Every structure is written in C-alpha cells, then in structure tokens.
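Visitor: I should like a close look at the enclosed space in this protein. Please begin with the rule used to find it, and then set it among the other features of the fold.

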Amino acid sequence: MYDLLIVDDHSHLVDSLERNMPWEALGIGKVHKALSGEEALEFCKSYPVDILLTDIRMPGISGLELIGQIKKFDKHFKSILLSGYGEWDYAQEAIRQQVDGYLLKPVDHEELAGMVRRLTEALRLEWDERGKQQKAMSLVREHMPLFREKLLMDLLQGRRLPPGQLEEKLAYYQLPFRPGDRTAMCLLRIDSSAEELNWQDQSLLASAVVNIAEETFADSFHVWHGRDAYEHEVFVLKPREESWLAQEPDPERARQQSLEHLASRLQHHVRHFLKLGISIVVSPWQAMASGLRGTYRDSLAVFARHLGGETDLFIRLRDAAAPEMPYRIHSLYESPSLIQLFEIGRWEAISAKWDVIFQEVTDKRMESRETLLELYCHAMGAFSFFAHKNGFSLHDILPTDPDKAGDASRFRHMRQLQDWVAHSLERLREMTKSEWNNEQAALIRKVRQFIADRLADATLQTAADHVGLHPAYLSSLFKSKTGENMSEYLYKARMQRAREMLIERPELKVSDVASAIGYHKPQYFIKLFKEHYGLTPQDFRHQSS
C-alpha cells in the first residue's frame, strides 16, 4: 500500500477528496492533507509520500514549485496537478517538470481513480526494478573480494591494462591503490600440504593465516591479498598516509624495516596460535604498475630454489642468491633404469634406487622446483609404463585425485614427493601382487632377470635350462605374455646395455663393449648397433659426450 498527500488551499476540496475516493481499493494505505505549499513541503521533508496530488495555483509556494522543491531530496514520488480552465501556461510548465498526471477542476473521480491506479502500478514496477538493482549491487559488494583477487592475479600473470583503465578498476573495486604508488610484496607459503592435511583443514588454516596477516599489517599498511595457482598467499602493501612512517626522515628505509619486522611478527603469530610453519619472501619497494609482475616472478623463483624440508624461511628478495646452474642427478640415469627395473618387477631394487636418488638430491642440495619436476616426470613415466603393461589405467593406481595426476604443483617440497613415490610404489605392488604370483608371469619375470644378469651368454636354450622348460614352449610362452619374440627381446636388451656402457664407461673399447654383451665379432656388433640407432658406436659415443 502507498501513501498519498492532497495539497490545496481550499479545505473543502481536500476533505471531499479524502472522503469520497475508494483509496484502499486503489492501493492507497494512508491519505495525508496539507492546506498550503509550505505545509506540504515541511511534511514531505520528514515523512516521504509516494503520490502527491496538488493544486497548481496556491498562495505562497505554487504546486509546480512544491514539486520542484521536493525533487531536490526525493526522486521517487509521483505527482498529479489539479488545474482550472485558462491555465495553459501552467500546464506547459508541468510538462517540463515531468509531472506524472494533469487533471482539470472540478475533479472527475473516475478519471482520478484511473490515474491513481496507473501511478501505483508504475510505482510497483519501479520498486521491483529498484529491488533488482539493489540485489545486483548487494551481489557485487558480496563478491568484491573475488573481483579484487582476480584483478591482482591478472596483473601478476602479466596482463597489461592502460593506466587510466587500471585506475578506474582500482577505484571501482574500492582498493586504496593507484598505478604509480610505491608498493611492496610479501609472498607467503604455508609449509604443509594436502598430503599432510585434509582439504577442509588446509582451507581453514589458509584463511586463518590470511586473517592474521591482514591484522598484522593493517595498522601501517593498506593490504591487497590474493591466492595464486600454487596456493601461495600474495600480499601487496602500501603505507598508510596517516601512519608514523610518513613522518620518518628516511621514509623508504623506515617502510622496509617496518615491513620486515611485521612479516617476522606474522611468522611468530602463526607459529604460536596455529602451530604452523610459514615461509615468507619480502620484496623491496617499487612502483606498483611496473613492478608487480617482476617482483612476483622473482619471489616465485626464490621459493622454487627452497623446496627442501626447511620451514619458517624468512627471505629478503634483494638478498636472495642467484640461481645455480642445474645439476645432473647421476643416480637417476644410472643403469638399470627405473623402467628396466619395473619391467622385471624388482621391487626392492626400485625402492632402493629411489632412496639413492632422493639421498643424492639432499646431499647436493638440489631441492629446486626444476629438480622436483624432473623427478616427478620420471616417476610418472615409469608408473605409466608399468600400469599400461599390466592392463591398468594410471588413475587406478595413483593415490591422488585423478584431476591432479599430471600436476606437480601440489608438492610444496621434496619430502612430499618422496612420500608420494613411496606410497605409489606400495600401491602398485599391492595391485599387481596377484598377477606376479601367477606362475606363468613369474616364469617370464625369472627369464627376464636371467637375461639381465647373464646378458653376455644368454640364449633361448640357456634361459629354458634355467627355468626348466623346453625351449620351444618357453619361446611360445614368452611371445604370448610379452607380445615379442625372445630373440627380439634379447637383441633390444643388448642394444640398450651397449648404449649405456658407451655413455657411462668411455674408457672401454668398442670391442670390449661388444664382448660384454655377447658379440665376439666387433664388426658384427658395429653393424647391428648402426642398424638399431643409426650411428656407429664410436659416432654415438662422440655425439653423447
């Protein structure tokens, strides 16, 4: 229901309209009266109405002036003017004032009723539309943190916006930053992962860390926060103008000292209240628009060089050491390879090889993101080979969310990767136990092991003697289980071993390599090697050195 105000200096007309109109049926809940423009104006200042029904000509403030005065503080009411004959000039002004209705005196009640119905319907539609707009604005306010975070992530990923457009977005998102502001960045890593915590606990802890960080920095700095794709927390900071930092004789040095002090305090608070370790990279100050992307990239690189088991790292970006040249993980590439060990199912040897690999990484302090990715790719390759060879899908065997099977970013440090490899190996072993216990599979495995151990003198006959089978039966069984002839398998094994010896033992002569793998005529070995690899052994060794 709506409120209506009748204004006329003739009280009998006001009272008549109040009594004789079916106001409730027209959607009017309350009818108010005023006998002058001044009285009506004062009433509307404290009690807004939905429809104003007023005479044009009154002593003092006219009806048109009254409408104009009310519109200064209330844009959402409807107005109807009452006019006598011969007042066309007033009618023209009413049109200019965008009056909603115009009636001649004496008032026709049916005509007035029709106009009131039209205006109440218009009010209803406007309120509905206004409600939608308010709901939309409410949703914008509700999701404002997401808009701010998305803008920050876009800038960190290198998206370039014209300064004017960036400034408009910063203002629209109610961020107290401008493109030319001097800002610093804190990149924060929580030293735990989904391998150690379920996702609910991890999400709650991350939110708690962000709350503590914003509270810690808030007194001295404006804070713009986002979470990147690697689940690092990114904080862009700008000094508050009213803070004590602006009064220091060397404000930039004071800002840096204050930032590092607060970042250190943040580590202490998180350790104390959440029993959690965090690592932080603190940047120097620079212009926001030109420095965000580079600062973020450099901070990520620092974390990539500190992927070991260390926690609670506090690193000043300006002091971070330059990256060293990549180091070759020798134990990863030494023979036998992981795929060779998987092929013959030597589980103890596979576990031992991974132990040696991770020990070398630790001893040589190679816990970088690049090294982690290298090891992860080798593990995935070996697991895929074994899974597909035994008729499994890779997703059947990996103890992780299938959507993240190819994503190494979930490992925050090398120990997590090591635990994942051990868990995956155990799962592989359990899932294939029944297959390996199969007598025929065990025989094939035994034959392959014999060939690996006795490559120089292994033949179909010696292998058949070793497992107690007729050579023809063994040949048929080997073909049915592996899909290749045993002679073909023996040939490939010898070529692979020759390749490894040429690379790893450069002191050996080609004739010595040939003899070690069962070829007593070097020229024949050279011919076979060239057919297989497209190079002579000597050329291959020269190219690989």
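Guide: On a 1 Å grid over the protein atoms alone, a cavity is a set of points where a 1.4 Å probe fits but cannot get out, whereas a pocket is an open set with protein on both sides within 12 Å along at least five of seven lines; lining residues have an atom within 4 Å of a point. Grid points are joined across faces, edges and corners, and a volume is the space filled by probe spheres set on the points. The model is predicted, so local features need pLDDT of at least 70 and side-chain atom pairs pLDDT 80 or more, while totals for chains, interfaces and linings use all residues. Residues are numbered from 1 along each chain as its sequence is written, and side-chain values use heavy atoms, with hydrogens and water left out.

By this rule there is one cavity of 30 Å³ or more. The largest cavity holds about 40 Å³ of space. Its lining consists of Thr-183, Ala-184, Met-185, Ser-283, Pro-284, Gln-286, Met-288, Gly-291, Leu-292 and Thr-295. Two elements, strand 6 (182-190) and helix 10 (288-304), give two or more residues each to that lining; helices (H or I, at least four residues) and strands (E, at least two) are DSSP runs numbered from the N terminus. Helix 10 gives the most, with four residues. By class, the lining has five nonpolar, five polar and no charged residues, where Ala, Val, Leu, Ile, Met, Phe, Trp, Tyr, Cys and Pro count as nonpolar, Asp, Glu, Lys and Arg as charged, and the others, Gly among them, as polar.

The two elements that line the cavity also lead to loops of interest. Asp-312 lies in the loop between helix 10 and strand 11 (314-316). Because its relative accessibility is 27%, Asp-312 counts as partly exposed; buried means under 20% relative accessible area, exposed over 50%, and partly exposed in between (1.4 Å probe, protein chains only). The C-alpha atom of Asp-312 is separated by 7.7 Å from that of Asp-191, although the two are 121 residues apart along the chain. Gln-174 belongs to the loop between helix 7 (163-172) and strand 6. The phi angle of Gln-174 is positive, near 60°, in a residue other than glycine, and this residue counts as exposed because its relative accessibility is 55%. Glu-231, in the loop between strand 7 (221-227) and strand 8 (233-239), also has a positive phi, near 65°. With 37% relative accessibility, Glu-231 counts as partly exposed.

Backbone geometry also marks the loop between strand 5 (101-104) and helix 5 (109-142), where Pro-106 lies. Lys-105 and Pro-106 are joined by a cis peptide bond with omega of about -10°.

An open space can be set beside the cavity: the second largest pocket has a volume of about 580 Å³. Its lining comprises 27 residues, of which Gln-340, Glu-343, Tyr-489, Ala-493 and Gln-496 are the closest to its centre. At least two lining residues come from each of helix 12 (338-344), helix 18 (439-453), helix 21 (486-504) and helix 23 (522-533). Helix 21 supplies the largest share, eight residues. The lining divides into twelve nonpolar, six polar and nine charged residues.

Helix 21 also figures in the largest nonpolar core. A nonpolar core is a set of buried Ala, Val, Leu, Ile, Met, Phe, Trp, Tyr and Cys residues joined through side-chain atoms within 4.5 Å. The largest one has 31 residues, and Val-447, Ile-451 and Phe-525 touch the most other members. Helix 18, helix 19 (460-467), helix 20 (471-482), helix 21, helix 22 (510-516) and helix 23 each give this core at least two residues, and the largest share, seven residues, comes from helix 21. In soluble globular proteins, nonpolar side chains tend to be buried together.

Aromatic contacts complete the account. Rings of Phe, Tyr and Trp (its six-membered ring) pair if their centres lie within 6.5 Å; planes under 30 degrees apart count as stacked, over 60 as edge-to-face and the rest as tilted. The whole structure contains 22 aromatic pairs. Phe-342, Trp-347, Tyr-376, Phe-383, Phe-386, Phe-411 and Trp-420 are linked by ring pairs into a cluster. Met-380 is found in helix 14 (residues 369-389) and is buried, with a relative accessible area of 12%.
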